[in-house]
Amino acid sequence: MTTHSVTLTAKDRKTAEFEHLLDVRDLQVEFRMRSGVAKAINGVSFHLDDRETLAILGESGSGKSVTAQAIMGILDTPPGYVTGGQVLFQGADMLAMPTKQRARMRGPKISMIFQDALSALNPVFPVGWQIAEMFRIHRKMNKSDSMQQAIRLMERVHIPGAKERYKAYPHQFSGGMRQRIMIAMAIALDPWILIADEPTTALDVTVQAQIMDLLKELQDEFGMGLILITHDLGVVANVADRIAVMYAGRLMEVAPVEPLYAQPRHPYTIGLLESVPRLDSKLGETLPAIGGLPPNLLAMPDGCPFNPRCRFATDQCRHGAPPTLVDLANNEIGRQAACWRVDDADVTTEGRLAAGGGQE
Amino acid sequence: MSDYLGRKKATREALLEATDPTAGDILESGETEQRKESARSLGADAWDVMRRRPLFWVAALLALFFIIVAAAPQLFTSVDPRSCDLAYSRLKPSLKAIFGYDMQGCNIFARTVYGARASILVGMGTALFAALLGGVLGTIAGYLGGWVDAVLSRLADIFFAIPLLLGAIVVMAVLPITLDTPYLVVIFRIVLVLGIFGWPNIFRLMRASVIQVKPAEFVQAARALGANPLRLISSHIVPNALTPLIVVSTIDLGTYIATEATLSFLGVGLPRTIVSWGADISAASALGLIRNAPHMLLFPAAALCLTVLAFIMLGEVVRDALDPKLR
């Protein structure tokens, strides 16, 4: 199995000095535009442990990708500004670091793969050259050594005929193969954390499964923390350890996978799970959907951001400060939700119904 | 009998030999074709498109021909363009001098051949200088944006507002070249003057191109994988933004050659001591000469036209080949 495994540098795993591998605290990001200030991220807090997979789930425009960009420090400024919070990597705040020091962390410490691998690869250079470049710049390897390493990595991500395809250009690969190349580049420097921003959205279903399997495999082999950004509930269920549900730049619910699927606690999560097609639904039955649209970031509703679309909303939800993410009182450890009515009977019942029709 | 058999065997072997290698050849060429297919860059694609167009070959060979003439004029004529005999003044083309003689009795063929050097040097030098200056400043302005972009863009606008020819005439008239200035210094000064009025064109192009490429996802991906700004520019932004610069520089090269000829024609460009097409055209267009000795004007003018045409055509072909939308 490990016939062509890549030589790894031993990571210095001293985990005692810090609580979590990555700890994001009260992250705030806004976009300053001519039409106004859009608060894209409003106090997002979560953590990632070593070798753990955290899925950030949310619909388009919920701030998933912006969160990832803010963590990586590749937010386009202007118009995007990180206005508050901390991003602690092994206990050190990356937001407080000088630009140069932070840039050095990208690649060897935190790395990222993107949704559309075709546009994420440089069209004018061969793929092998692009992978080898990682070794040449960061490891100061010479040309032939870096080429050997690149070919080994290409074999590791299961690219058939890696040696022959070293000199091929991105447009000559299929979507799945391109994503494999992108993954090879991202893991080249053996990072602690890999952020995957919708890695399978542009791919067809069979290839999606292959890529997710590959990511899982590499995570075990390389020992990485994985942040998986997606809107696909199916992908998440198989791969993630914990899930963070995001809506309008806020976390709605954070929970380990199984408890979340067994009983979603936040009305938004309930709505999401209800809208998944099910085998036991009757023929001709309309698929449930969450009514309405995500809020305009320039004109957020008063109260909870989800209240206009929430069937449980009360006056408390419609006015005043939005609910904050709190640990659930009489529930499992590690579950958090941001909802005033999280413990009310009708919400919990609906949650159980959404999860499995209540037959369990 | 045995002789017959032996001969037959030999024929069969020969036949086999004759067929076998061909089969091998077909296989091999198929393989190389495939290998070529798998390692195809934008440049290789463009080359494939270009080499199928006759216009490319005409333009490229013509340009190459003039470059060779400029580099080694003594290969084409053994006559010294400066050894003139007034006895031959204005003689019509003949077998002895196929382009005829000019006013001073100089061999026009020799002068046309030797005149290529000044034109090609000025054209290429200016194109290179403008591409370098405009390219570097354009990249800086496009990448950094903000006040750097604003300052550089306004600076370019100022130079852009002055027409190339007018600006060059003014500068050359104010700082005239004397007869004893060395050849390369003269060329260099004209390159400098034309380049200073020619770079804003390239600058604007490069700036726009860099701005277009900069937000591309692969640039962001490279940043996420740890590339520093210098690396981003040199291996991700510039290689992807260079195409328009190459195309326009090639087309502009022709324009610079024509402008140099115009300057020399007006008497503010290359001095008479340097053999150049512009100066010869100027001398040939004196009063009454066009009717009496049209060959004096015809040959240097034709050479100039062909050179300018060659480079402009080359630029157009390259543009067509590199632009996927026109394919």
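At what angle do the axes of helix H4 (residues 108–144) of chain B and helix H10 (residues 243–265) of chain B cross? Keep that in mind as you start clicking. One thing to know before you do: this is a predicted model.

**Stop 1: two helices in chain B**

Select residues 108–144 and 243–265 of chain B. The axes of H4(B) and H10(B) cross at roughly 135° and come within 8 Å. An angle over 145 would count as roughly antiparallel and one of 65 to 115 as roughly perpendicular, so H4(B) and H10(B) are oblique to each other. The crossing in which H4(B) passes H10(B) is right-handed.

Now show the side chains where they meet. On the H4(B) side, pick out Ser119(B), Val122(B), Gly123(B), Met124(B), Thr126(B), Ala127(B), Ala130(B), Ala131(B) and Gly135(B). On the H10(B) side, add Leu245(B), Ser249(B), Asp252(B), Leu253(B), Tyr256(B), Ile257(B), Glu260(B) and Ala261(B). Colour this contact of H4(B) with H10(B) by class and you get 10 nonpolar, 5 polar and 2 charged residues.

**Stop 2: zoom out to the whole of chain B**

Switch to a cartoon view of chain B. How many helices and how many strands does chain B have? Count 13 helices and 0 strands. Follow chain B from the N terminus, and each element you come to is α. Chain B has 327 residues, and 40% of them count as buried. Looking at contacts in chain B between residues at least 6 apart in sequence, 73% join residues at least 24 apart.

**Stop 3: a loop residue, Met103(B)**

Next, select Met103(B), which sits in the loop between helix H3 (54–71) and H4 of chain B. Is Met103(B) buried or exposed? Somewhere in the middle: 15 other C-beta atoms lie within 10 Å, so Met103(B) counts as partly exposed. Show Ser89(B), Arg90(B) and Ala283(B) too; Met103(B) touches these, leaving aside residues up to four places away in sequence. For a sense of scale, draw a distance from Met103(B) to Ile237(B). Their C-alpha atoms are separated by 55 Å, and the two residues are 134 apart along the chain.

**Stop 4: where chain B touches chain A**

Bring chain A into view. Here 19 residues of chain B are in contact with 28 residues of chain A. Which elements of chain B give two or more residues to this side? Select helix H8 (217–224) and helix H9 (229–241) of chain B. H8(B) supplies the largest share of chain B's side, with 6 residues. By class, this side of chain B holds 8 nonpolar, 7 polar and 4 charged residues.

**Stop 5: a covered strand in chain A**

Stay with chain A and select strand S8 (residues 225–230). S8(A) is mostly covered, with 6 of its 6 residues buried. Turn the strand so you can see both faces. Gly225(A), Ile227(A) and Ile229(A) point one way, while Leu226(A), Leu228(A) and Thr230(A) point the other way, and all are buried.

Which strands run alongside S8(A)? Add strand S3 (residues 53–57) of chain A, which pairs with S8(A) in the parallel sense over 5 bridges. Along that pairing, find Leu57(A) opposite Thr230(A). Then add strand S7 (residues 193–197) of chain A, also parallel to S8(A) and joined to it by 5 bridges. There, Asp197(A) stands opposite Ile229(A).

**Stop 6: an antiparallel sheet in chain A**

Strands of a sheet pair through backbone hydrogen bonds, so try switching hydrogen bonds on here. Look for an open sheet of 4 strands in the order S2-S1-S4-S5 (chain A), paired antiparallel. At the edges are strand S2 (36–48) and strand S5 (92–93) of chain A, each pairing on one side only. Strand S4 (residues 80–89) of chain A pairs with S5(A) in the antiparallel sense over 2 bridges, and Leu88(A) stands opposite Asp93(A).

**Stop 7: a helix pair in chain A**

Finally, select helix H4 (residues 127–138) and helix H5 (residues 143–156) of chain A. Their axes are 8 Å apart, and the helices pack at an angle of about 120°, so H4(A) and H5(A) are oblique to each other. H4(A) passes H5(A) in a right-handed crossing. Among the residues that meet are Ile131(A) and Phe135(A) in H4(A), and Met147(A), Ile151(A) and Met154(A) in H5(A). In total, this contact of H4(A) with H5(A) divides into 8 nonpolar, 3 polar and 1 charged residue.

Technical notes:
Residues are numbered from 1 along each chain as its sequence is written. Chains are lettered from A and ligands numbered from 1 in the order in which they are written. This is a predicted model: local features need pLDDT of at least 70, side-chain atom pairs count only at pLDDT 80 or more; totals for chains, interfaces and linings use all residues. Axes are lines fitted to C-alpha atoms, for helices over the stretch in contact, and angles run from 0 to 180 degrees between N-to-C directions. Angles under 35 degrees count as roughly parallel, over 145 as roughly antiparallel, 65 to 115 as roughly perpendicular and the rest as oblique. A crossing is left-handed if the near helix is turned anticlockwise from the far one by less than a right angle, and right-handed if clockwise. Two residues are in contact if their C-beta atoms, placed from the backbone, lie within 7 Å. Ala, Val, Leu, Ile, Met, Phe, Trp, Tyr, Cys and Pro count as nonpolar, Asp, Glu, Lys and Arg as charged, and the others, Gly among them, as polar. A residue is buried if 20 or more other C-beta atoms lie within 10 Å of its own, exposed if 12 or fewer, and partly exposed in between; C-beta atoms are placed from the backbone. Two strands pair if DSSP finds at least two bridges between them.
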